[in-house]
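Here are my notes on the model, set out point by point. Please read them with the coordinates open.

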Amino acid sequence: LEGIAGTCIHVKHACCALGDTRLFDSLARDIEKAGYHQTGDALDLHRSKKHLQIWGDALRFSPTFTALVTHVLSLFDLTLCDCWANLYRHGDDTKAWHHDNY
């Protein structure tokens with residue numbers, strides 16, 4: 001999987017088969033649980049105020065999240081320095097074009 005520097009590669013079906021939403025559904029349930037577990041949990045409005053964000057620390061209890069992160073790390077031979085999930089609730093939530101500093 002090699003791309004041109006500074007580009008993104010879309011790897012279809014890297015985590016589940018086409019049409020299989022079980023992983024997504026399970027992760028969505030776990031994110032909802034984490035967001036309402038206690039005051040100050042990581043599910044909160046992103047600093048851009050354009051979508052929600054949850055930090056990986058708040059999902060340590062989730063076997064689905066742990067398995068997904070472990071799978072992606074091994075797939076791309078990466079080590080974890082930080083992780084989070086952006087949540088886009090509806091058509092108005094957005095993320096501006098950007099690059100991460102990793």
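How many aromatic pairs does the count come to?

1. Aromatic pair. The count comes to one. Its partners are Trp55 and Trp84, set edge-to-face. Their centres are 5.4 Å apart, and the planes make an angle of 65 degrees. Both numbers matter for the label, because a pair of aromatic rings is described by the distance of the centres and the angle of the planes. Rings pair if their centres lie within 6.5 Å, and planes over 60 degrees apart count as edge-to-face. Bear in mind that this is a predicted model.

2. Where the pair sits. Trp55 belongs to strand β2, residues 52-55. Trp84 belongs to strand β3, residues 84-87. The two are 29 residues apart, so the pair links distant parts of the chain.

3. Exposure of the two rings. Are these tryptophans buried or exposed? Neither label fits. Trp55 has 37% relative accessibility, so it counts as partly exposed. Trp84 has 29%, and it too counts as partly exposed. The cut-off for buried is under 20% relative accessible area.

4. Cysteines. The disulfide count is zero. Cys15 is in no disulfide; its nearest cysteine sulfur belongs to Cys16, 6.7 Å away. Why is there no bond from Cys16? The closest cysteine sulfur, in Cys15, is 6.7 Å off, which is too far. A disulfide needs the sulfur atoms within 2.5 Å. Cys15 is partly exposed at 38% relative accessibility. Cys16 is partly exposed as well, at 28%.

5. Nonpolar patch. Leu75, Phe76 and Leu78 make a nonpolar surface patch of about 260 Å². Leu75 lies in helix α2, which covers residues 63-75. Its relative accessible area is 37%, so Leu75 is partly exposed. Patch members must have over 30% relative accessible area, and Leu75 passes that cut-off.

6. Overall fold. The secondary structure comes to two helices and three strands. Along the sequence the pattern is α-β-β-α-β. For long-range contacts, take residues at least 6 apart in sequence: 56% of their contacts join residues at least 24 apart.

7. Burial and surface. What share of the 102 residues counts as buried? The figure is 24%. The protein exposes about 8,200 Å². Carbon and sulfur atoms supply 56% of that area.

Terms used:
Residues numbered from 1 in each chain as written. Predicted model: local features only at pLDDT ≥ 70, side-chain atom pairs only at ≥ 80, totals over all residues. Heavy atoms only, no water. Phe/Tyr/Trp six-rings, centres within 6.5 Å; stacked < 30°, edge-to-face > 60°. Helix = DSSP H or I, 4+ residues; strand = E, 2+ residues; numbered from the N terminus. Buried < 20%, exposed > 50% of the residue type's maximum accessible area, 1.4 Å probe, protein only. Patch = residues over 30% accessible without salt bridge, like charges linked within 9 Å, V, L, I, M, F, W, Y side chains within 5 Å. Areas by Shrake-Rupley, 256 points an atom, 1.4 Å probe, with all protein chains shown as cover. Salt bridge = Lys/Arg side-chain N within 4 Å of Asp/Glu carboxyl O. Contact = heavy atoms within 4.5 Å.
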